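Let's take a walk through this one, starting with a charged pair and working outwards to the fold and its core. Have the model open as you read.

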Amino acid sequence: MTWRTLIAAGLSVAFGTGATKAEDMFETFDTNPSARWTYFADTVMGGVSTGEATFEQDASGSFVRLAGEVSTDNNGGFIQVRRPLSERLPTDTQGVRLRVRGNGGAYFIHLRTKGTRLPWQYYQAEFTTSQEWTEVHLSFDAFKPSGRLLRKTPRADAVTSIGLVAFGRDHIAQVDVSEVAWY
């Protein structure tokens, strides 16, 4: 499969660096990230998932770690760390780039927009992790709406927040993110 095919499909995974156009770095988790990112779980709606978001540093640099036990009991099933956007994205923004590692599981990025007014509304794109740092590109076309009342794909200039989410199945979650950028 070529890079062009992967990008057209809305998802590309690469090792190292190498975005194809200029990027706008959004987060590197270096300076007081706990003031920008908020952790919450399905317990806000009666679920029983447990976890935490910690801001850590090792030889590779600074990162957020989302870890815990996701349980679908009692209609639950998520843990999340989310950051609001302070400014609108340019209309020509095509997606989000992440630098991630984890326990080999599948995780999600959730975008909220001006049109996602209800708590259960969002746009979701999935990515997988490995124990090594990996670069993930998620085009806006890769994001699926959580319901029929939303647009088919999110508009860049309507995005209001981004969330890192362990979601939808019973599992032990551990995912690290060291960079978030818009491309």
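Start at D58, which is partly exposed, with a relative accessible area of 31%. Keep in mind that this is a predicted model. The side chain of D58 meets that of R101 in a salt bridge, 2.8 Å from N to O. The two sit 43 residues apart, D58 in strand β4 and R101 in strand β7. R101 is on the other side of the cut-off: at 14% relative accessible area, R101 counts as buried, because buried means under 20%.

R101 has another partner, D176, again with closest N and O atoms 2.8 Å apart. Since R101 lies in strand β7 and D176 in strand β13, this pair ties together parts 75 residues apart in sequence. Both R101 and D176 are buried. Follow the shared partners and you get one network of E56, D58, R65, R101 and D176. Strand β7 also holds R97, which pairs with E135 in strand β10, 38 residues away; here the closest N and O atoms are 3.5 Å apart, and both residues are buried. The whole structure has ten salt bridges.

Now zoom out. The protein has one helix and 13 strands, and the helix comes before the strands in sequence. Of its 183 residues, 49% count as buried.

What about the nonpolar side? The largest nonpolar core has 37 residues, and F127, I162 and W182 touch the most other members. β13 gives the most to this core, with five residues. Beyond its sequence neighbours, W182 is in contact with residues including F26, L89, V96, L111, F140 and I162.

How values were computed. Residues are numbered from 1 along each chain as its sequence is written. This is a predicted model: local features need pLDDT of at least 70, side-chain atom pairs count only at pLDDT 80 or more; totals for chains, interfaces and linings use all residues. Side-chain values use heavy atoms; hydrogens and water are left out. Helices (H or I, at least four residues) and strands (E, at least two) are DSSP runs, numbered from the N terminus. Buried means under 20% relative accessible area, exposed over 50%, partly exposed in between (1.4 Å probe, protein chains only). A nonpolar core is a set of buried Ala, Val, Leu, Ile, Met, Phe, Trp, Tyr and Cys residues joined through side-chain atoms within 4.5 Å. Contact means heavy atoms within 4.5 Å. A salt bridge is a side-chain nitrogen of Lys or Arg within 4 Å of a carboxyl oxygen of Asp or Glu. Lists of a residue's contacts leave out its neighbours within four places in sequence.
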